Amino acid sequence: MTDKEFTRIISDVLDALYPELHFVLERVPIIVDTYADDSVVNAFGNRPIYAAFLTMDRNCVPHIRLYKDDILNHPKAYNMKKLLRDIILHEVGHIYGLSCECISMRFGK
Ligand SMILES: [Zn+2]
């Protein structure tokens with residue numbers, strides 16, 4: 001999948017999200033990387049790392065990073081649009097301060 005195709009799916013996912021979330025995501029950029037760098041791996045554990053909500057990364061504003069290579073190898077990558085929606089919504093949960101465990105318990109992701 002090309003970067004352009006991947007970005008297109010992300011745009012489609014964002015367009016279809018609840019309008020209330022657009023207000024949040026307009027202030028939290030989503031950045032696509034090929035894979036998580038060592039600092040992220042060290043902070044979060046071993047690969048695969050599909051995404052991260054980073055609040056103190058190289059003087060950047062809080063943002064979501066999506067790690068394309070690991071996402072493409074996710075067991076549910078056959079439905080990329082649903083997978084990206086689930087991943088982005090998970091990260092939005094972190095914007096609101098929820099832990100991974102809390103998001104999983106509430107939403108099954
Ligand atoms: Zn999480």
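Guide: A crossing of two helices is left-handed if the near helix is turned anticlockwise from the far one by less than a right angle, and right-handed if clockwise; by that rule, the crossing of α1 and α5 is right-handed. The model in front of you is predicted, so local features need pLDDT of at least 70 and side-chain atom pairs count only at pLDDT 80 or more, whereas totals for chains, interfaces and linings use all residues. Residues are numbered from 1 along each chain as its sequence is written.

Visitor: At what angle do α1 and α5 pack, and which residues make the contact?

Guide: Their angle is about 60 degrees, and the axes of α1 and α5 are 9 Å apart (axes are fitted to C-alpha atoms, for helices over the stretch in contact, and angles run from 0 to 180 degrees between N-to-C directions). From α1 come I9, I10, D12 and V13, and from α5 come M80, K81, L84, R85 and I88, a contact being two C-beta atoms, placed from the backbone, within 7 Å.

Visitor: What makes α5 a helix, and how does its span compare with the expected one?

Guide: Helices are DSSP runs of H or I with at least four residues, and strands are runs of E with at least two, numbered from the N terminus. Helix α5 covers residues 80-95, and at 1.5 Å a residue (times one less than the number of residues) its 16 residues should span 22 Å, which agrees with the 22 Å between its end C-alpha atoms.

Visitor: Which residues of α5 are buried, and how do you know that they line one face?

Guide: They are L84, I87, I88, E91 and H94, where buried means 20 or more other C-beta atoms within 10 Å, exposed 12 or fewer, and partly exposed in between. Seen down the axis of α5, these buried residues fall within an arc of 100 degrees, so they line one face of the helix; the arc is taken over directions from the axis to the C-beta atoms. K81 and K82, on the other side of α5, are exposed. The buried residues of α5 pack against α1 (3-16), β2, β3 and α4 (68-72).

Visitor: Why is G97 called exposed?

Guide: G97 has 7 C-beta neighbours inside 10 Å and therefore counts as exposed. G97 follows α5 with a positive phi, near 90 degrees, and its place is in the loop between α5 and α6 (100-107).

Visitor: In what order do the strands form the sheet, and why does one side of β1 and of β2 lack a neighbour?

Guide: The 3 strands form an open, mixed sheet in the order β1-β3-β2, two strands pairing if DSSP finds at least two bridges between them. Because β1 (30-33) and β2 (51-54) stand at the edges with a single partner strand each, one side of each has no neighbour in the sheet.

Visitor: What makes the pairing mixed?

Guide: β1 pairs with β3 (residues 63-67) in the parallel sense over 4 bridges, I31 having R65 as its bridge partner. β2 and β3, by contrast, run antiparallel and are joined by 4 bridges, with A51 partnered by L66. Of the 5 residues of β3, 4 are buried, which leaves this strand mostly covered.
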